[in-house]
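Please open the model in your viewer and keep the selection panel at hand. We will go from stop to stop, picking what to select next and looking at what is there.

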Amino acid sequence: MTYVDDYPGAAKLVRWHFGVAFIAFALGGVFGLLQGLYRTDYFREALPIDATQYYTVLTGHGVLLALVFTTFFICGMFVWATTRSLDRPLYSDRLAWVGFGSMFVGTALAATAILNGFAPGLPFDSADVLYTFYAPLKAHPAFYFGAALLVVGSWILGAVYFLTYREWRADNPDARIPLQTFMVLTTFIMWYVSSVGVAVEVVVFLIPWSLGWIGQVDPLLTRSLFWYFGHPVVYFWLLPGYLAWYTLLPKFAGGRLFSDPLARVVFVLFVLLSTPVGFHHQYIDPGIADGFKFIAMTNTMMLLLPSLLTAFTVVASVEHGARQRGGDGYLGWLRALPWDEPAFAGTALAGLMFAAGGFSGMINAGMNINYLIHNTIWVPGHFHLTVGTAFALTAMAVSYWLVPQLTGKPLRHRRLASIQPYVWFVGMTLMSNAMHRGGLAGLPRRTAEPVGDAGASAFDTVFSTIAEIRLQIALGATLLVVALLMFLVVMLGTWLSRPGVSALSVNGHIPEPLSGASNGPRVLDNLKLWTGIAVVLVLLAYGVPLGSMVADGILNPGASPFPV
Amino acid sequence: MRDAIADETYSRRGVLRATAGTAAAAALGSAATGSAAGQTDFDGWFTDDAPGGTTDNYDGEVVDRTGEDEVTVTVGADGNGGTFAFEPAAVRISPGTTVTFEWVSDTHNVAVESQPDDAGWEGHDPIENSGFSFSSTFETLGVYKYYCDPHLSVGMKGAIVVAEGGGEQEDAVPAEYGDWFTDDAPGGAVDNYDGETVDRTGEDEVTVTVGADGNGGTFAFDPPALRVSPGTTVTFEWVSDTHNVVVESQPEDAAWEGHEPIENTGFSFSATLDTRGVYKYYCEPHLSVGMKAAIVVGPAPAEDGGGGPAGTTTPFSPLLGTVFAGAVAAAMLLPVLAGYYRRDQPETPEYDDGVEGEPGAGTQEAPVEEPVEELDHDEYDPMGTAALVAVYFLILVAMWVFMYFVEFLGNELTVIG
């Protein structure tokens with residue numbers, strides 16, 4: 001008996017979510033390679049894009065990976081986590097399918113609008129607005145409707161998780177919330193609080209603006225609303241990764257989670273602090289008082305706490321596994337870990353890379369040193385470590401373990417699967433370190449041009465040369481796409497294979513934590529309390545600055561953007 | 001240290017400029033505006049300054065009929081408050097073209113006001129009525145002005161421009177600006193550009209006003225789009241403050257530098273443009289409000305010469321579009337395909353918690369892993385984790401130190417500058 005036998009309806013839902021996620025992953029990944037080669041000037045002439053279409057590719061890469069791949073994978077994975085940990089089917093499969101349908105239609109609309117950038121003349125005008133879609137860049141309304149439907153669909157899925165939980169609570173009035181469900185619910189509280197920002201931005205401003213109903217919008221206001229959502233969305237990507245690191249990685253390592261209450265504290269901290277931090281993306285924006293930027297910085301730095309708690313708890317759990325497998329010594333236990341298991345290797349390497357992403361994140365968040373790297377290629381270097389590896393590589397690793405349980409088919413191409421995380425890791429190491437160093441040398445982001453070519457002396461690297469940085473980026477991007485293709489071969493092969501040929505090589509058993517939920521205070525499970533505090537913190541951080549932006553006219557920019 | 005910052009600032013700006021230039025240049029190839037119509041003021045012939053006052057049916061456009069053998073001008077067409085117009089009021093033709101004047105209302109003639117020195121056109125002085133017509137062939141290059149004597153007072157005036165270029169398309173330079181004047185280019189739309197290219201071909205000296213009214217203030221080049229003959233000297237005259245002239249793009253072998261220093265009212269400079277092609281330029285401080293302009297050097301092509309329909313944007317690559325549309329369709333078909341391959345899989349039963357007792361029911365999982373050595377909460381000391389946390393902390397410190405000194409590496413390892 002595996003998951004698909006217990007919950008065939010839910011398993012089908014998860015499979016469809018994963019299917020869409022992997023298709024988006026494939027297309028977005030290929031776009032990434034095009035982009036990497038084009039702007040590093042490798043095979044530039046041979047690539048089927050020009051400098052204008054580079055931005056179409058860039059938008060496609062960002063939207064398909066950071067918004068579509070992530071959201072579908074997360075919503076699917078949470079269906080699995082909720083049903084498994086509550087040990088009951090969903091409140092309503094039908095409602096969950098409605099959510100899936102909304103996300104699917106939204107994705108199709110937005111993707112069509114973006115792909116129109118390649119061939120004007122298709123029904124929608126282009127939408128080369130990048131995945132950070134704020135004014136003044138304007139897309140075809142189809143893009144904004146698509147984005148709105150995607151978010152609304154995820155809200156519906158979230159409602160299904162909460163309704164399933166409510167049913168469970170009625171049957172188990174005194175039990176502690178199972179850990180995975182606790183993580184799903186807290187993640188979605190955070191998601192509801194934060195995605196309101198992008199919903200207002202899109203529905204109130206961008207859709208009427210793109211339809212021509214209103215002539216202008218206040219760029220600072222829409223930008224602030226976007227970043228109100230734009231930073232918490234990274235935790236929406238990250239927390240499912242955390243769910244895997246806390247509840248699955250210890251099992252993959254052969255051990256047990258070190259502490260269940262510590263995991264709950266971490267997720268509560270993310271509910272509280274994820275949203276009132278968005279201004280740290282706008283340190284150089286005029287029109288926002290420095291004090292509020294400082295509050296955002298303080299909150300961001302406080303978010304290091306749950307991440308460092310996670311680093312400790314997860315590593316201790318992995319070490320527990322290594323010692324149960326017979327490992328010993330201060331560092332010798334690392335050798336006892338199952339590094340040839342793709343699920344373990346992928347999740348562990350993703351966690352390791354996230355530690356590196358944490359370094360650059362601290363620099364992004366520091367108000368003064370942020371100026372050094374703001375809008376340089378350092379920033380994509382940073383988020384390819386976080387969403388591009390901490391989330392993406394974890395998602396792939398979890399798939400190696402979960403997809404057999406969702407399909408009832410053993411994993412195919414195991415050897416390919418066990419090499420794949422390492423290829424990704426090496427590729428990302430090359431690409432990301434080069435991007436960070438390029439950013440320190442001042443190379444801008446969001447440009448199609450292989451800058452550094454003309455007047456190369458303007459970009460002085462700390463050591464080595466711009467040419468070497470470009471080579472590493474191109475090589476890294478290529479390896480990443482190779483790893484992506486390896487993953488897709490394994491998934492497609494598994495998916496298309498016949499069921500029932502042999503037993504699975506995985507099991508769905510998740511061992512109990514060393515320190516269980518009952519060792520932590522009950523208040524941790526008081527979701528209403530945490531939601532309330534989170535809303536208050538948001539009002540403190542955003543109330544006055546948003547108020548001042550609206551006060552000068554809701555559609556009026558605050559000041560003339562040119563010298564008069 | 002200060003120099004290092006300055007260098008970096010300069011280089012980033014340079015990059016932005018370079019980026020904008022390339023993007024616009026790339027876009028240039030994808031658009032064909034095909035507007036061959038020129039514009040000129042004929043030294044005020046159609047304005048209040050000339051006898052008869054303003055010609056209402058002249059909208060500033062010289063209808064371009066170069067390259068055609070026969071052209072018709074209607075005499076007594078609707079306009080100027082009655083049937084008192086030549087239609088078109090101003091027309092450009094190639095040398096050797098025969099122009100036929102056709103009367104469509106009564107009591108008009110064609111009186112010649114001026115013509116090129118060595119031309120001998122006589123017009124048609126007798127007053128004629130509807131149905132009459134006569135033809136003249138124009139050989140001599142230049143501007144011919146004429147009017148209707150009985151209706152001069154209401155502005156019934158016309159002009160014919162005989163110019164090289166028609167039929168000899170290799171000389172012609174189409175007024176193709178790509179998306180330079182639209183929202184798609186840096187700085188957005190140019191409000192004072194109305195789609196017309198002012199035709200000043202044949203003149204030796206032409207003036208462009210810098211900082212004229214437009215674009216929501218004194219943020220316009222006037223005229224925003226200008227056509228001149230090769231070798232023309234263009235003088236830029238500042239009439240308001242804080243402007244410069246930055247070249248966005250120009251023909252490949254041209255080397256116009258514009259005037260990058262920012263200047264104020266009263267400043268002027270001249271440039272002689274010899275190379276045929278399209279020159280785009282803008283005012284850097286006011287690019288964001290659309291202070292952009294362009295100069296076309298060379299004669300206009302014939303209206304119906306050349307391929308694509310005027311004013312439309314042709315897709316950059318239909319092949320690529322097809323490929324991507326196909327990829328999207330294939331991606332959407334994939335689930336169907338997968339379903340086809342999986343047709344042999346038995347239908348999974350509905351929630352079937354009941355079959356548990358049945359041996360062999362459902363999918364067989366791998367056995368749960370047994371630890372080599374069971375470790376409980378109290379027996380477990382995460383010393384290895386402590387060691388790794390210490391390593392992480394050291395890396396963290398090292399990275400911060402590295403980060404701090406990055407800014408100083410250009411000079412030396414110092415914290416006090």
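## Stop 1: a serine and a threonine

Start by selecting Ser85(A) and Thr181(A): their side chains are joined by a polar contact of 2.5 Å. Bear in mind throughout that you are looking at a predicted model.

Colour by secondary structure and you will find that Ser85(A) belongs to helix α3 of chain A. Is Ser85(A) buried or exposed? Its relative accessible area is 14%, and because buried means under 20%, Ser85(A) counts as buried. Now expand the selection to what surrounds this serine. Setting aside neighbours within four places in sequence, Ser85(A) is in contact with Pro178(A), Gln180(A) and Thr181(A).

## Stop 2: another buried serine

Next, select Ser102(A), which sits in helix α4, residues 93-115 of chain A. Ser102(A) has 12% relative accessibility and so counts as buried.

Which backbone atoms should you show around Ser102(A)? Show the backbone oxygen of Leu149(A), which the side chain of Ser102(A) reaches at 2.8 Å. Then add the backbone nitrogen of Gly153(A), which lies 3.4 Å from a polar atom of the Ser102(A) side chain. To complete the view, display the residues that Ser102(A) touches: not counting residues up to four places away in sequence, they are Leu149(A), Leu150(A), Val152(A) and Gly153(A).

## Stop 3: the cavities

Keep Leu150(A) in the selection, as this residue returns below. For this stop, switch on a cavity display. Rolling a probe the size of a water molecule over the atoms shows where empty space is left. How many cavities of 30 Å³ or more are there? The count comes to four.

Go to the largest cavity, which holds about 730 Å³ of space. Its lining is made up of 42 residues; to centre your view, select Gln35(A), His61(A), Phe383(A), His384(A) and Met431(A), which lie nearest the centre of the cavity. If you would rather work by element, pick these helices of chain A, each of which supplies at least two lining residues: α2 (8-39), α3 (51-86), α15 (378-407), α16 (414-440) and α17 (466-496). Which element gives the most to this lining? It is α3(A), with eight residues. You have met this helix before, as Ser85(A) lies in α3. Colouring the lining of the largest cavity by residue class gives 28 nonpolar, 10 polar and four charged residues.

Move on to the second largest cavity, with about 110 Å³ of space. Here 15 residues form the lining, and those nearest the centre are Leu67(A), Leu150(A), Val151(A), Trp191(A) and Phe229(A). The elements that give two or more residues to this lining are α3, α5 (141-171), α6 (179-210) and α8 (232-247) of chain A. By class, the lining of the second largest cavity has 12 nonpolar and three polar residues, with no charged ones. Leu150(A) links this stop to the previous one, since Ser102(A) touches Leu150(A).

## Stop 4: an annotated site in chain B

Now switch to chain B and select His243(B), Cys283(B), His286(B) and Met291(B). An unreviewed UniProt entry covers these residues with the annotation "binding site". They are spread over 49 residues of sequence but cluster in space, with a largest C-alpha distance of 9.5 Å.

Zoom in on Cys283(B), in the loop between β20 (277-282) and β21 (292-297) of chain B. With a relative accessible area of 0%, Cys283(B) is buried. Leaving aside neighbours within four places in sequence, its contacts are Phe221(B), Thr242(B), His243(B), Asn244(B) and Met291(B). Two of these names, His243(B) and Met291(B), are covered by the annotation as well.

His286(B) is also found in the loop between β20 and β21. At 1% relative accessibility, this histidine counts as buried.

## Stop 5: both chains in full view

Finally, zoom out and colour by chain. What secondary structure does chain A hold? There are 18 helices and zero strands, and 66% of the 564 residues of chain A count as buried. Among chain A contacts between residues at least 6 apart in sequence, 83% join residues at least 24 apart.

Chain B comes to three helices and 22 strands. Buried residues make up 43% of the 417 residues in chain B. Of the chain B contacts with a separation of 6 or more, 70% are between residues 24 or more positions apart.

Technical notes. Residues numbered from 1 in each chain as written. Chains lettered and ligands numbered in written order. Predicted model: local features only at pLDDT ≥ 70, side-chain atom pairs only at ≥ 80, totals over all residues. Heavy atoms only, no water. Helix = DSSP H or I, 4+ residues; strand = E, 2+ residues; numbered from the N terminus. Buried < 20%, exposed > 50% of the residue type's maximum accessible area, 1.4 Å probe, protein only. Polar contact = N/O pair within 3.5 Å; in protein donor to acceptor, adjacent residues only side chain to side chain. Contact = heavy atoms within 4.5 Å. UniProt positions renumbered as here; feature names shortened; annotations may be inferred. 1 Å grid on protein atoms, 1.4 Å probe; cavity = no way out; pocket = protein on both sides within 12 Å on 5 of 7 lines; lining within 4 Å. Points joined across faces, edges and corners; volume = space filled by probe spheres on them. Nonpolar A, V, L, I, M, F, W, Y, C, P; charged D, E, K, R; others polar.
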